[in-house]
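User: Please take a close look at the interior of this model. Start from a single position and work outward to the surface.

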Amino acid sequence: MKPQFPEQGAAGTELSSNALGVGGIVFLVLAAVAPLTGIIVIATLGIALGNGGGMPGAFIIATLILLLFAVGYAQMAKKLVSAGGFYAFVVKGLGRRMGLVAGNIALLGYNCFVAGAIGTSGFFTATVIKELTGLDLPWFLWSLITVVLIFLLTRRGIDFSAKVLGVCLVLEVSILLILDFNVLFTHGFSFEALMPQAVFSGSLGLALLFAANCFVGFEATGLFSEEARDPHRTIPKATYIAILFIGAFAAFTTWAIVSALGVAQAQDTAIEHLPTGDLVFMLSNQYLGDTLTKVMMVLLLVSLFAALLALHNSAARYIYAYGRVGILPRALSRTRSSNGSPQNASAAQLLFGTLIAGIYYVAGLDPITALTASMTGFGTLGILTLQMLAAVAVVVHFRRNRDPRLWKTLVAPSLGALGLALIVLLAILNFTALAGSDNPVIGALPWLLVVAVLTGLATAQWLKSRRPEIYHELLSDMEHYDKAHRDLADATSTSGPGSW
């Protein structure tokens, strides 16, 4: 019989405990990263606007930065279990005020990202369905169908979502690996792409920005800690696996692409295909043929759906965490009694994203150049900023406690924090390139970060003076769930494996 958490508060506010193993968390995270979408859209932008044929090296550098961050993150994950993810890390390391700043950035970033993803998924679904079948329906109708499917899946519980996402991930990764090895066996990979003169050519800064963008979603491992089996060991392991997989897969696939194009010619060719965004499909036609290219187009829809499902799960958990402590209405922390799914937070999150997408549709704005550019662009910036704040919080927490493990708690995480700070700075300075739009309104969106900081500080001051019990609960809530998970780990230490 599966051990349960001790009761706290009203019934129906607990997430499902012991539901996810390492594999389930990894699938949830990698699906959010959407490898196929990342390669078709983001990596090709990096080749065109960044360092051209040296893009594989940019992925390797980004991987090293995030691995340094993960060293400190792993140590913090062994001390803290919370559905608040990086918001909880910042509360623990930098205090309640900065924690609320981080929480606001997380809410804004993830919810904007999902709104953009709803539009992206609807647009590409409409485009691919029309090309393959001739059926021409509005993109927003496909978005609504997708949202309904997402909600129905999340009601089945996080372990069910993990299984669905696992299947999606295997399919989208497989088609790219088939392309990669066809290139390898046809004429091999060019080692010129890994040479310093290629890696440091063009705009390495933009290349790093796009490479880091392909990792957005890995930070969600901590969000599922309350639903993980033995999270103090599961979360660090899942984080390392996710970062290494994303980095290795993206570098390998991009290496195949630039080798097929020719390292010296890769940037010019990618720029030529920017207006149509079909660089990878062009190579697929050349190396795999028409049938498998059509399969890849369908799997792009699978990738977008999986990313939306995974990102929605992450966004819903930030809403749930805020509702549980009373910053948002506590009704948002209600969970489904049968499987612990945060159904109210899930419904609220999807409603918000659908309303935003619907406003763009009614206004006649383009789902890609307007909705995706603005919402996904700012969402990416918000999540990158959240990663940076968590990295700083890890260093501050362990220095405050004078931890003697200098490499694990000071040197490595400090280097990771500096790397992430550089990427955030690049994202702000090059936001129009990140968003894929030169619209001045979209270019001004980074100012929303200032709004999130100010409202976070104002909320902290108001809670401290008017709702001190909620202000206190920001930390005590995390301590409760961390203790509950340690008790659960002790109770199951001699049991067999739990849920997948």
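Analyst: Buried means under 20% relative accessible area, exposed means over 50%, and partly exposed lies in between (1.4 Å probe, protein chains only). This is a predicted model, where local features need pLDDT of at least 70, side-chain atom pairs count only at pLDDT 80 or more, and totals for chains, interfaces and linings use all residues. Residues are numbered from 1 along each chain as its sequence is written, and side-chain values use heavy atoms, without hydrogens or water.

Start at Leu-165. Leu-165 is buried, because its relative accessible area is 0%. Leu-165 belongs to helix H7, residues 158-187. Helices are DSSP runs of H or I with at least four residues, strands are runs of E with at least two, and both are numbered from the N terminus. Leu-165 touches Phe-27, Leu-28 and Ala-31 on one stretch of sequence, and Ala-306, Leu-309 and Ala-310 on another, leaving out residues up to four places away. Touching, or contact, means heavy atoms within 4.5 Å. Not every residue far along the chain comes back to Leu-165: Ala-427 is 262 residues away in sequence, and the two C-alpha atoms are separated by 29 Å.

Ala-31 leads on to Ala-307. Those two are 276 residues apart in sequence, yet their C-alpha atoms are 5.2 Å apart in space. Ala-307 sits in helix H13. Ala-307 counts as buried, because its relative accessibility is 9%. Beyond its neighbours within four places, Ala-307 is in contact with Ala-31, Ala-32 and Ala-34.

Now the core. The largest nonpolar core holds 170 residues, and Phe-59, Tyr-110, Met-296 and Tyr-318 touch the most other members. A nonpolar core is a set of buried Ala, Val, Leu, Ile, Met, Phe, Trp, Tyr and Cys residues joined through side-chain atoms within 4.5 Å. Helix H13, residues 290-325, gives the most to this core, with 20 residues. Take Tyr-110 as a close-up. Tyr-110 touches Leu-311, Ser-314, Ala-315 and Tyr-318, among others. Other partners of Tyr-110 are Glu-219, Ala-220, Leu-223, Ile-383 and Leu-386, with residues up to four places away not counted.

Helix H9 is another piece of the interior. Nine of the 10 residues of H9 are buried, so H9 is largely enclosed by the rest of the structure. The buried residues of H9 include Leu-204, Leu-206, Phe-210 and Asn-213. Their cover includes helices H2 (35-49), H3 (55-77) and H8 (196-199). Helices H15 (367-400), H16 (406-429) and H17 (431-435) also help to cover them.

Charged pairs come next. A salt bridge is a side-chain nitrogen of Lys or Arg within 4 Å of a carboxyl oxygen of Asp or Glu. The rule gives five salt bridges. One of them joins Glu-226 and Arg-324, whose closest N and O atoms are 2.7 Å apart. Glu-226 lies in the loop between H9 (204-213) and H10 (231-261), and Arg-324 lies in H13, so this pair ties together parts that are 98 residues apart in sequence. Glu-226 is buried, because its relative accessibility is 1%. Arg-324 is buried too, at 6%.

Other pairs involve residues with more open settings. Asp-136 meets Lys-130 in a salt bridge, N to O 3.7 Å. Asp-136 is exposed at 52% relative accessible area, and Lys-130 is partly exposed at 46%. Arg-233 meets Asp-230 at 2.5 Å, N to O. Arg-233 is exposed, with 60% relative accessibility.

The surface has a nonpolar patch as well. Leu-141, Leu-144, Ile-145, Val-148, Leu-149 and Leu-152 make up about 480 Å² of it. Patches take residues with over 30% relative accessible area and no salt bridge, joining like charges within 9 Å and nonpolar side chains (Val, Leu, Ile, Met, Phe, Trp, Tyr) within 5 Å. Leu-141 is in helix H6, residues 139-155. Leu-141 counts as partly exposed, because its relative accessibility is 36%.

Step back to the whole chain. The chain has 20 helices and zero strands. Its radius of gyration is 22 Å, close to the 23 Å of the globule rule for 500 residues, so the chain is as compact as a globular protein of that length. That radius is taken over C-alpha atoms, and the rule is 2.2 Å times the number of residues to the power 0.38. The C-alpha atoms fill a box of roughly 60 × 55 × 50 Å along the principal axes. Buried residues make up 59% of the 500. Among contacts between residues at least 6 apart in sequence, 83% join residues at least 24 apart.

Key. Accessible areas come from the Shrake-Rupley method with a 1.4 Å probe; for residues, only the protein chains shown count as cover.
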